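Open the model in your viewer and keep the selection tool at hand. We will go from stop to stop, and at each one you will hear what to select and what is there.

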Amino acid sequence: MKTKIRSHESNAIDELRNRIKGSIITPNDPEYNETRKVYNAMIDKRPALFAMCTKVSDVQLAIDVCRNTNLLVAIRGGGHNGGGLGLCDGGMVIDLSGLKSITVDTKNNTVKVGGGCIWQEVDHATHEHGLAIPSGMISTTGVGGLTLGGGVGYLSRKYGLTIDNLLEAEMVLADGSIVTTNKDEHPNLFWAIRGGGGNFGVVTDFTFQAHEQKTVYGGPTLWPIEQTEEIMGWFDAFIHDAPDDLNGFIATMIIPESPFPEHLHNKQFCAIVWCYTGNMDKMEETFEPVTAKKPLFAHLGEMPYPAIQSMFDALLPTGYQWYWRADFFNSLTPEITKQHVKYGSQIPTPLSQMHLYPISGAASRVGATDTAWAYRDVKYCGVYVGVDPDPKNAEKITKWCKDYYKALHPYSAGGAYSNFMMDEGQERVKASFKQNYERLTRVKHQYDPNNFFQVNQNIIPKA
Ligand SMILES: Cc1cc2nc3c(=O)[nH]c(=O)nc-3n(C[C@H](O)[C@H](O)[C@H](O)COP(=O)(O)OP(=O)(O)OC[C@H]3O[C@@H](n4cnc5c(N)ncnc54)[C@H](O)[C@@H]3O)c2cc1C
């Protein structure tokens, strides 16, 4: 691992230090170790320096230094990537956490968001105006990585993935130029960044379509783990034909001590976490089939949209060990649900869990080649998540995820959602972009022919 800076790099970095509006952090600085921490505590990378950017011109300067000195570059948005792709060993991290501006246009319900924002900040700004942008299911995640990978969340069935609500992006490319991309300007680039990750440049601003969604009705319902097969089978038959207003992800998990009642503590359950976005007059009717399945426990209610977005934040704080594996699925057949009962009953630590997010409603009405996000025709985006505060359990949670993945991969649609992947190699990347991979390699060649941006689920440029 190279952490020593060569002399020509050193000169370029000194110049960057003099010209950057933000700051430079190197291994000699007292804040270096704190700065190199990311959400997943398993990640232990040692960059040669951080360019803490506060302006678009800082990003340009940092890119110029890396290009002119052949220094490896990583881009950090919210730092939540499971595989630690916001950091690199020995190179420069372009840290965007200083790019935090958020502008809400209430006339057109559009929102311009700085490339270093996290969703919590965006939700806060939009909620004030009764608006919401579809994102994920945890509010501490970065806007940058989540959006560029796709964005699967509570509002996906109603308004589509996050990328389906992206109107425009301002980017700094590998050659240091600034471009605006939307459906008319650099349309190929706009197609590629909607799912293709940070392969094409640094996004300094995103513009999203927001929606009038002040509150939602939802929360968790639980069934004993032994009922998993029955509940998954029912959910599979129910959710995709339910109104777009209803979304819910199905999970196997252990119930923690707080805020749940005592009789549920530390037991395994099959859970569905619901989010209903429709008119409250129709709520009871929409939930009738759920009520008929007689959950052992239900904690449902109306709440502000940012409340459901942050419901699980406290359970999954930054700094825990984290390992995950993922796959897309076309259905929940008995062969599949049997494996969920098996591995759901063997959850290795209290916070480890499995989630299946429906890909239906508005998310499935976008064509599989309309954006780089290739799996519009599947029914589920699945993920096995191993989590624990104790580094001693890192191996245990990793093994559980790998075994779970191995058992279910043969029944999968082939690839995974790139944002739920670790660093799993080129074949996995190809499978995950599927029919869109070839076009992505050509767009990559057009905008980044030397693969300057390679610390990501990497698309190899091809003429
Ligand atoms: C607790 C948790 C919950 C999650 N929940 C969801 C969910 O509900 N739905 C969902 O879809 N995903 C979810 N994710 C996955 C998440 O989308 C990815 O981890 C994503 O990569 C995080 O983005 P980030 O900006 O925080 O990450 P970072 O680690 O900062 O970056 C990840 C990748 O994105 C690139 N990148 C980031 N910002 C930019 C930018 N501005 N310009 C160019 N490239 C950039 C980086 O180069 C890197 O390759 C979750 C992750 C965690 C850890």
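Select the ligand together with Gly145: a backbone N or O atom of Gly145 lies 2.9 Å from an oxygen atom of the ligand. That pair is a polar contact, meaning two N or O atoms within 3.5 Å; within protein, one must be able to donate a hydrogen and the other to accept it, and residues adjacent in sequence count only if both atoms are side-chain atoms. What you see is a predicted model, in which local features need pLDDT of at least 70 and side-chain atom pairs count only at pLDDT 80 or more, while totals for chains, interfaces and linings use all residues. Residues are numbered from 1 along each chain as its sequence is written, and side-chain values use heavy atoms, with hydrogens and water left out.

**Around the ligand**

Now add Leu146, where a polar backbone atom is 3.4 Å from an oxygen atom of the ligand. Then add Gly115, which has a polar backbone atom 3.4 Å from a nitrogen atom of the ligand. How much of the ligand's accessible area does the protein cover? On its own the ligand has 950 Å² of accessible area, and the protein covers 97% of this. Such areas come from the Shrake-Rupley method with a 1.4 Å probe; for residues, only the protein chains shown count as cover.

Next, select the whole shell of 34 residues around the ligand, of which Gly77, Gly79, Met137, Val152 and Tyr417 come nearest. A residue is near a molecule or strand if one of its heavy atoms lies within 4 Å of it. Sorted by class, the shell has 16 nonpolar, 17 polar and 1 charged residues. Here Ala, Val, Leu, Ile, Met, Phe, Trp, Tyr, Cys and Pro count as nonpolar, Asp, Glu, Lys and Arg as charged, and the others, Gly among them, as polar.

Which elements supply at least two residues each to this shell? Color strand S3 (73–76), helix H5 (143–149), strand S10 (202–209) and strand S17 (321–329) to see them. H5 gives the most, with 4 residues. Helices (H or I, at least four residues) and strands (E, at least two) are DSSP runs, numbered from the N terminus.

**Gly144**

Stay in helix H5 and pick Gly144. Gly144 is buried because its relative accessible area is 9%; buried means under 20%, exposed over 50%, and partly exposed in between (1.4 Å probe, protein chains only). Draw a line from its C-alpha to that of Gly78: the two residues are 66 apart in sequence and 7.0 Å apart in space.

**An enclosed space**

Select Gly149, Gly195, Phe328, Ala372, Trp373, Ala374, Tyr375, Ala416, Tyr417, Ser418, Ser432 and Phe433, which line the second largest cavity. This lining divides into 8 nonpolar, 4 polar and no charged residues. About 60 Å³ of space lies inside this second largest cavity.

**Two helix stops**

Go to Thr126 in helix H4 (residues 119–127). Is Thr126 buried or exposed? Thr126 counts as buried, because its relative accessibility is 1%. Its side chain reaches the backbone oxygen of Asp123 at 3.2 Å.

Then pick His340 in helix H11 (residues 334–344). With 0% relative accessibility, His340 counts as buried. The C-alpha atoms of His340 and Tyr404 are 8.3 Å apart, with their positions 64 residues apart in sequence counted as separation.

**Loops and positive phi**

Select Asp29, in the loop between strand S1 (23–25) and helix H2 (32–35). Asp29 counts as partly exposed, because its relative accessibility is 24%. The side chain of Asp29 reaches the backbone nitrogen of Thr26 at 2.7 Å.

Most residues other than glycine have a negative phi. Lys294, though not a glycine, has a positive phi of about 45 degrees. Look for Lys294 in the loop between helix H9 (283–292) and strand S15 (297–298), where it counts as exposed at 68% relative accessibility.

Last, select Asn451, in the segment after helix H14 (437–447). Phi of Asn451 is also positive, near 55 degrees, but Asn451 counts as buried, at 12% relative accessibility.

Methods: 1 Å grid on protein atoms, 1.4 Å probe; cavity = no way out; pocket = protein on both sides within 12 Å on 5 of 7 lines; lining within 4 Å. Points joined across faces, edges and corners; volume = space filled by probe spheres on them.
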